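Here's a walk through one protein chain, going from single residues out to the contact between domains. Have the viewer open while you read.

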Amino acid sequence: MGYSQHQARVGEKIPLVGKMLLAAILAAIAGLMFGLDIGVISGALGFIAKEFHAGDVAQEWIVSSMMFGAAVGAVFAGQLSYRFGRKKALVLSAFLFMFGALLSVVAQGITALIIARALLGLAIGIASFVAPLYISEVADEQHRGSLISVYQLMITLGILLAFVSDAIFSYYGAWRWMLGIVALPGAVFMFGSLFLPDSPRWLMLRGRRNEALETLTSLRPSREEAEKEIWEIQNRLQEKQRGLSLFLENPNFRRSVFLGIGLQIVQQLTGINVVMYYAPRIFEVAGFGQDGQMWGTAIVGLVNMLATFIAISFVDRWGRRPMLFAGFSIMAVGMGALAVLLSYGAGSSSIMHYLAVAVLLLFITGFAFSAGPLIWILCAEVQPLEGRDFGVTCSTFTNWIANMAVGATFLTLLGSFGASHTFWLYAALNVLFIAFTLLFVPETRGVSLEAIEQRLNSGARLREIGR
Ligand code: BGC
């Protein structure tokens, strides 16, 4: 039995070591940028459409070019973070982020804007790959879930800030300000990430054992613990990081890669980004005026952030599976209720009007305490160390492709099936995801990454590779 498993078993609580927390929070600022970029477009889109005379399809492109860039970024992130380290990859992503933001401020037409958003996407793709990976590598297993949830919290904070700043700038129609203001946190992030310690697991991967030990010692309560963890990592490191070749020859690795891919498809098909990108439009369908749309959207952002605290507090106590069950059920009810309301004409009376808001918030709450953080946590946890970069690349890439598919089809779905049927579709998908969780999702709470890997390699069923 590994040392860390033993610890988990006797239930000792390791105090959060300041530096580990700091490293995780700094990495989580990458999440802030991620969120700012997701959130900022919903409020700016209407103004951009007016200024550049952009139709539905051009708007869908402006929204989804970022996701396309992010998918590409996620693919390169694996190589980048393996060769140069997680930390340098984060610095590069912050730089690209600032550059893309400034470029979108000066864009003179739809094409320029699409290019600027694709660049921003590139930055976010790298960050969304590296940050959770980095956090999972510096955290100990008792706090891993909570710390990756902090990353998700930063995403939601970014979305909220973007929604609020959109609402404020909307009074002036200042969409360039909406898009440009995000360069500021980009600068903070770039500066902050220069001070991050390198990931001890990455240092070990590169054969820099002494540095790994020094770093880990500064992240754990004692040198003795750090030494034991280094020993465990070393045991797992007999072979070098591999990707495609491992995927082709090792069926167990293929299973964890497909699990990561499946999890990310599930996260996006909950319909979360339909709400994130088009919230003002949904509020419009429900009968709200311009002010109501902007501030309603800001409230969605606020609830999204607040409900993430539920995950942070309970994910390492209640476990991943129960929270996912609860989340998908709540999301199915929320989407279903929205579909019913819209079929009766949500804008027809003020009660319907507010009911529509209430069920939308219910849906957001369900997502924010479950699939939002948990999918990122699980994707970082289930991959074996030898193929972790490749595995997380595949799942992160999938997140963005699925994200793009959802973003690029919503207006078209609304146009061809109508609002009510579109939301019924998402309700049904959420019901399906309860079954997915039941069949495939392991309970990884309190289990060390090394133990998860051992069980995966022993051929145990996916849902049993955790506890
Ligand atoms: C998802 C994003 C989503 C965000 C909302 C993240 O976990 O990956 O696509 O926009 O949560 O909070």
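## Ser 395 and its surroundings

Ser 395 sits in helix α19, which covers residues 388–417. Keep in mind that this is a predicted model. Is Ser 395 buried or exposed? With a relative accessible area of 1%, Ser 395 is buried, because anything under 20% goes in that class.

What does the polar side chain do in there? A polar atom of the Ser 395 side chain lies 3.2 Å from the backbone oxygen of Val 392. Once you set aside the neighbours within four places in sequence, Ser 395 is in contact with Gly 260, Ile 261, Gln 264 and Cys 379.

## Leu 360, another buried spot

Next stop is helix α17 (residues 350–369), which is where you'll find Leu 360. Leu 360 has a relative accessible area of 3%, so it counts as buried. Which residues does Leu 360 touch, leaving aside its neighbours within four places in sequence? The list is Val 275, Ile 282, Phe 283, Val 300 and Leu 338.

If you want a distance to check in the viewer, try Leu 360 to Lys 50: the C-alpha atoms are 27 Å apart in space, and the two residues are 310 apart in sequence.

## Two domains, face to face

The domain assignment splits out domain 1 (16–196) and domain 2 (242–467). Taken over C-alpha atoms, the centres of domain 1 and domain 2 are separated by 19 Å. On the contact count, 53 residues of domain 1 meet 52 residues of domain 2. People often quote the size of an interface as the accessible area lost when the parts come together. Here domain 1 and domain 2 bury about 4200 Å² between them, and 69% of that is on carbon and sulfur atoms.

What about polar links? There are five residue pairs in polar contact between domain 1 and domain 2, counting pairs with both residues at pLDDT 80 or more. On the domain 1 side, the elements giving two or more residues to the contact with domain 2 are α2 (18–52), α3 (56–83), α5 (110–138) and α6 (144–170). Which of them gives the most? That's α6, with 19 residues. Sorted by class, this side of domain 1 has 30 nonpolar, 16 polar and seven charged residues.

The rule also turns up one salt bridge across the interface of domain 1 and domain 2. As for Arg 86 and Asp 389, their side chains meet in a salt bridge at 3.2 Å, N to O.

## Salt bridges across the chain

Side chains of opposite charge can pair when their charged atoms come close. How many salt bridges does a search of the whole structure find? The total is 10. One pairing is between the side chains of Glu 51 and Arg 176, at 3.5 Å, N to O. Glu 51 lies in helix α2 and Arg 176 in helix α7 (residues 175–180), so this pair ties together parts that are 125 residues apart in sequence. Both ends are partly exposed: Glu 51 has a relative accessible area of 42%, and Arg 176 comes in at 21%.

There's also a network of salt bridges to look up, linking Arg 201, Glu 229 and Glu 450.

## Helix α11 and its pairs

Helix α11 (residues 223–236) holds Arg 223 and Glu 227, which form a salt bridge with their closest N and O atoms 3.7 Å apart. Why are they about one helical turn from each other? Because Arg 223 and Glu 227 are four residues apart in the helix. Arg 223 is partly exposed at 36% relative accessibility, and Glu 227 is also partly exposed, at 38%.

Glu 224 and Lys 228 lie in helix α11 too, again four residues apart, about one turn of the helix. They form a salt bridge as well, and here the closest N and O atoms are 3.2 Å apart. Glu 224 is partly exposed with a relative accessible area of 48%, while Lys 228 counts as partly exposed at 31%.

Terms used: Residues are numbered from 1 along each chain as its sequence is written. This is a predicted model: local features need pLDDT of at least 70, side-chain atom pairs count only at pLDDT 80 or more; totals for chains, interfaces and linings use all residues. Side-chain values use heavy atoms; hydrogens and water are left out. Buried means under 20% relative accessible area, exposed over 50%, partly exposed in between (1.4 Å probe, protein chains only). Contact means heavy atoms within 4.5 Å. Domain bounds come from an automatic or database domain assignment. Buried area is the accessible area (1.4 Å probe) that two parts lose on being put together, summed over both. A salt bridge is a side-chain nitrogen of Lys or Arg within 4 Å of a carboxyl oxygen of Asp or Glu. A polar contact is a pair of N or O atoms within 3.5 Å; within protein, one must be able to donate a hydrogen and the other to accept it, and residues adjacent in sequence count only if both atoms are side-chain atoms. Ala, Val, Leu, Ile, Met, Phe, Trp, Tyr, Cys and Pro count as nonpolar, Asp, Glu, Lys and Arg as charged, and the others, Gly among them, as polar.
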